[in-house]
Amino acid sequence: MNDATQARLTSIALTGRVLGTLLSLSPDGAENRPLFAAMAAPGWIDEWPYGEHGELQAIAALMAAGLAQGVGESPAEAYQRLFIGPYALPAPPGARFIWIKKMCCSVNPRSTCGAGCGKTA
């Protein structure tokens, strides 16, 4: 693997880790507090591996405005609304049955699935 490919893979891995952490963990969590603080400061755009400088400056300004205290909903409220929901999120009808069928077929692939999926190995 050459140096350019390795650098690109490193950039992709960094981007995935940062965005994955921002989207999967609560903004109030200990893991995300330093990351949100870094994204609120404009200096991160010099180290970000993708995008044009002007685009990144606009994104940084929007992020800083969104993270500012007293502007709209807090990051924790937005996380709650977007990823958890204001109320209990019931499973759609049949979701449990579909999961059971998948489990049955993947756990016992050599026989016909007893849940009625009809798959055999």
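Good morning. A residue is called buried when its relative accessible area is under 20%. I begin with that cut-off because Trp48, at a relative accessible area of 18%, is buried by it. The structure above is a predicted model, and I shall go from the whole chain to a few of its residues.

The chain has five helices and zero strands. From the N terminus on, its elements therefore read simply α-α-α-α-α. Of the 121 residues in the chain, 17% are buried. The accessible surface comes to about 9,000 Å², and carbon and sulfur atoms hold 62% of that surface. As for contacts in the chain with a separation of 6 or more, 32% are made by residues 24 or more positions apart.

Let us return to Trp48. Which residue forms an aromatic pair with Trp48? The partner is Trp44: the two ring centres lie 5.8 Å apart and the planes stand at 90 degrees. Planes over 60 degrees apart count as edge-to-face, so this pair is edge-to-face. The count for the model is one aromatic pair. Trp44 is buried as well, with a relative accessibility of 12%.

Trp48 also leads us to helix α1, where Thr15 is placed. Leaving aside residues up to four places away in sequence, Thr15 touches Trp48, Pro49 and Tyr50. Is Thr15 buried or exposed? Its relative accessible area is 13%, so Thr15 is buried.

Next, please look at the loop between α1 (3-24) and α2 (33-40), where Pro27 lies. Although Pro27 belongs to a loop, Pro27 is buried, because its relative accessible area is 9%. Its contacts, again without residues up to four places away in sequence, are Asn32, Arg33, Phe36, Pro75, Ala76 and Tyr79. Pro27 and Glu77 are separated by 50 residues in sequence, and their C-alpha atoms are 9.3 Å apart in space.

One of the contacts of Pro27, Phe36, takes us into α2 and to its meeting with α3. How do the axes of α2 and helix α3 (residues 53-67) cross? They come within 8 Å and cross at roughly 125 degrees. That angle is neither in the range of 65 to 115 degrees, which counts as roughly perpendicular, nor over 145, which counts as roughly antiparallel, so the two helices are oblique to each other. On the α2 side, Phe36, Met39 and Ala40 take part, and they meet Met63, Ala64 and Leu67 in α3. By class, this contact has six nonpolar residues, with no polar and no charged ones.

Thank you for your attention.

Key
Residues numbered from 1 in each chain as written. Predicted model: local features only at pLDDT ≥ 70, side-chain atom pairs only at ≥ 80, totals over all residues. Heavy atoms only, no water. Helix = DSSP H or I, 4+ residues; strand = E, 2+ residues; numbered from the N terminus. Buried < 20%, exposed > 50% of the residue type's maximum accessible area, 1.4 Å probe, protein only. Contact = heavy atoms within 4.5 Å. Axes fitted to C-alpha atoms, helices over the stretch in contact; angles between N-to-C directions. Parallel < 35°, antiparallel > 145°, perpendicular 65-115°, else oblique. Nonpolar A, V, L, I, M, F, W, Y, C, P; charged D, E, K, R; others polar. Phe/Tyr/Trp six-rings, centres within 6.5 Å; stacked < 30°, edge-to-face > 60°. Areas by Shrake-Rupley, 256 points an atom, 1.4 Å probe, with all protein chains shown as cover.
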